[in-house]
Amino acid sequence: GTVRPVLAYAFFLLYASVKWAQLAASLGSVTFIEALPLIWHVEDQAIFAGIISFYFGQRAMSKLRSGR
């Protein structure tokens, strides 16, 4: 029962560390506010929205099916 959440947390930490490294590399030449659009793209927003909606949507649908 804990395999999927542990893998999800591990991949999120990996993704966050890559984004953090991109931000740290970008901060040498631009400010923090200028660097955020450089590392947070539309694709990143889509990935994040898909993951969040999958977890919360699955939970809501399982509650709906069970009648709670």
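In which helix is the place of Lys-19? In this predicted model, Lys-19 has its place in helix α1, and the residue is a useful starting point for a look at the two pockets described below.

Lys-19 counts as buried because its relative accessibility is 13%, and the limit for that class is under 20%. When its neighbours within four places in sequence are left aside, Lys-19 is in contact with Ile-39, His-41 and Asp-44. Lys-19 also belongs to the lining of the second largest pocket, together with Phe-12, Tyr-15, Ala-16, Trp-20, Leu-23, Ile-39, Trp-40 and Phe-48, so that Ile-39 appears both among the contacts of Lys-19 and in this lining.

The table sets out the two pockets.

| Pocket | Volume | Lining by class | Element giving the most |
|---|---|---|---|
| Largest pocket | about 380 Å³ | 12 nonpolar, no polar, one charged | α3, seven residues |
| Second largest pocket | about 190 Å³ | eight nonpolar, no polar, one charged | α1, six residues |

The largest pocket has a lining of 13 residues, and those that lie nearest its centre are Ala-8, Phe-12, Ile-51, Ile-52 and Tyr-55. Two elements, α1 (3-26) and α3 (42-66), each give two or more residues to this lining, with the largest share coming from α3. Phe-12 is named in the lining of the largest pocket and again in that of the second largest pocket.

In the second largest pocket, α1 is the element that gives the most to the lining, and one residue of that lining is charged, while eight are nonpolar.

Terms used
Residues numbered from 1 in each chain as written. Predicted model: local features only at pLDDT ≥ 70, side-chain atom pairs only at ≥ 80, totals over all residues. Heavy atoms only, no water. 1 Å grid on protein atoms, 1.4 Å probe; cavity = no way out; pocket = protein on both sides within 12 Å on 5 of 7 lines; lining within 4 Å. Points joined across faces, edges and corners; volume = space filled by probe spheres on them. Helix = DSSP H or I, 4+ residues; strand = E, 2+ residues; numbered from the N terminus. Nonpolar A, V, L, I, M, F, W, Y, C, P; charged D, E, K, R; others polar. Buried < 20%, exposed > 50% of the residue type's maximum accessible area, 1.4 Å probe, protein only. Contact = heavy atoms within 4.5 Å.
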